[in-house]
Amino acid sequence: MSKIKCNRYFSFLVKKILIRLLPYVVPVLIVTALFFFVIYLLFVLPKFIIESVNAEDGGKVSGSISIFSTGKRDDWQLSDDQRLYDEYINLYQGWLDQFTSQEALYNSKIENQKGEDIDNNAKVGDVWARFYDQDSGIPSERVQAKSHGVNWGLMAAVDRILGDPLITGLMARNPNPQGHFDKLKPQLHWENFELYYRYSWSESSSNGEGVIEKSRTYRHTIPLLVKVESYEVKNISYDWKRTKYYYKDSKRNIIEEAYYPVLVGTKQEGPYFEKLRQLLMENQLPKNSDLELILNLAMNYDEDFKYFASYLSGNITELFADTENDEYFNFKHNELYRWPLEDYHEITSAYGWRVHPILRDMIFHKGIDIACPKGTPILSAWSGKVLLAGWISGYGKMIMINHGKYKTVYGHLDKIRVKIGQEIDQGQNIGNAGSTGLSSGDHLHFEIRSGQGETIYLDPMSLDKDKGGD
Ligand SMILES: [Zn+2]
């Protein structure tokens with residue numbers, strides 16, 4: 001009895017509530033529909049448009065980027081962005097095509113030969129290619145120039161900002177790929193190096209009474225890049241390599257000798273993005289924030305540029321942080337530095353040149369890597385003032401301290417215990433070791449820098465320590 005009563009009361013209550021709610025149902029439905037419609041218009045539809053346009057064009061613009069197009073129907077279409085992208089690529093390719101290709105170098109005839117039995121058909125590739133690594137080969141001009149071209153993402157970012165109606169004062173978007181390319185293209189400095197090869201043998205004379213010495217000597221001059229001024233200044237150095245082989249065939253003793261240049265290292269230094277800075281100044285955009293905006297935009301457009309920029313200087317932030325000021329230059333401190341850890345730990349990577357595992361290029365290790373477990377307290381090398389403290393892409397969580405005459409960098413930290421601008425005592429715990437950023441395991445990346453208005457990377461192991469490092 002009471003169950004039925006209860007059910008009846010319940011359904012009566014539900015009915016009453018429904019009747020009270022009825023007037024609100026329609027407006028609520030309308031608002032909900034509008035909400036989803038707006039979401040669709042803002043986020044879903046532009047994505048469809050971009051994807052479909054890219055699919056039609058063969059998806060050449062990677063990752064559905066748009067340079068000027070905002071996705072809405074105006075006089076600038078996504079196909080215009082595609083055209084612009086193609087132009088950037090063509091400009092780069094045209095610039096690259098002026099240099100001798102690998103094929104042309106290998107097929108070119110040897111300039112100058114001395115000795116007997118001259119082989120007039122010998123080609124550069126036949127003679128020298130085997131002395132070089134299989135992957136690198138004798139580098140043609142084009143191979144050397146290739147990595148120094150102007151990145152398309154940077155071109156897009158420059159056009160996007162400098163070609164914006166707000167900047168130009170014109171009514172329409174006004175990109176200028178050729179003009180900007182001419183301003184940003186690298187200056188390459190070449191030097192001639194001579195490849196040398198000598199093939200000599202002795203054979204018995206036709207009457208069998210004596211031995212005749214014979215030889216062929218080949219020389220060929222190739223241009224090698226010694227200095228590049230692009231995003232930074234890069235100095236490239238070579239060493240001479242000499243190889244000598246002795247061997248015998250059925251009737252002859254043969255000696256092969258070659259003398260040729262090999263790459264030993266590249267040294268890069270600032271000022272970084274000087275050409276870009278110059279271009280922005282000419283367009284009345286002198287502030288660091290303008291440069292920063294363009295670089296960030298370029299990194300957004302092209303993943304490659306993002307990787308490249310972080311490899312170049314740690315991070316854009318580091319370019320703009322006042323890391324070369326003189327404020328603390330006369331700051332009084334102990335001449336001896338304190339080892340950044342409580343105890344000595346193994347150095348897993350020394351200061352100096354090493355082969356970059358990904359780029360397969362010689363890069364400069366600006367400091368030392370000290371193996372230590374996660375959480376190990378990190379101590380300040382001298383007293384000073386914190387210049388940078390935060391996530392700097394390649395370095396992960398990092399701290400840079402200005403000590404006046406020196407600056408120190410502590411990278412891949414797990415924890416940061418200081419703030420920018422904070423005054424630090426020598427030996428103070430500033431953070432804890434970890435493996436953040438581009439790091440393969442727990443360690444401290446430690447740098448000591450000096451220089452006034454420039455940055456000189458020092459080998460921490462070559463400087464005198466106060467304590468902890470013995
Ligand atoms: Zn390191």
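**Helix 10**

I started with helix 10 and found that Leu-291, Ile-294, Leu-295, Ala-298, Met-299 and Tyr-301 are buried there. Where do they sit around the axis of helix 10? They span an arc of only 160 degrees, so they are on the same side of helix 10. Note to self: this is a predicted model. I also checked the length: helix 10 has 14 residues and runs 20 Å from first C-alpha to last, close to the 20 Å expected at 1.5 Å a residue.

**The cores**

Next I looked up the largest nonpolar core, which has 30 residues. Which members touch the most others? Met-155 and Ala-298 do. I then listed helices that each supply at least two residues of this core, including helix 2 (78–97), helix 8 (177–184) and helix 10 (288–301). Helix 6 gives the most, seven residues.

I followed Met-155 a bit further. Ignoring neighbours within four places in sequence, Met-155 is in contact with Tyr-88, Val-150, Pro-177, His-180 and Phe-181. There is also a second, separate core of 24 residues, with Cys-372, Leu-379, Tyr-395 and Phe-446 among them. I jotted down the general point: in soluble globular proteins, nonpolar side chains tend to be buried together.

**Gly-137**

Last stop was Gly-137, in the loop between helix 4 (124–128) and helix 5 (141–146). How does Gly-137 count, with 17 C-beta neighbours inside 10 Å? It counts as partly exposed, because buried would take 20 or more and exposed 12 or fewer. Leaving out neighbours within four places in sequence, I found Gly-137 in contact with Gln-102, Ala-129 and Tyr-132. Its C-alpha is 8.9 Å from that of Gly-125, twelve residues away along the chain.

Key
Residues numbered from 1 in each chain as written. Predicted model: local features only at pLDDT ≥ 70, side-chain atom pairs only at ≥ 80, totals over all residues. Core = buried A, V, L, I, M, F, W, Y, C linked by C-beta atoms within 7 Å. Helix = DSSP H or I, 4+ residues; strand = E, 2+ residues; numbered from the N terminus. Contact = placed C-beta atoms within 7 Å. Expected span 1.5 Å × (residues − 1). Arc of directions from axis to C-beta.
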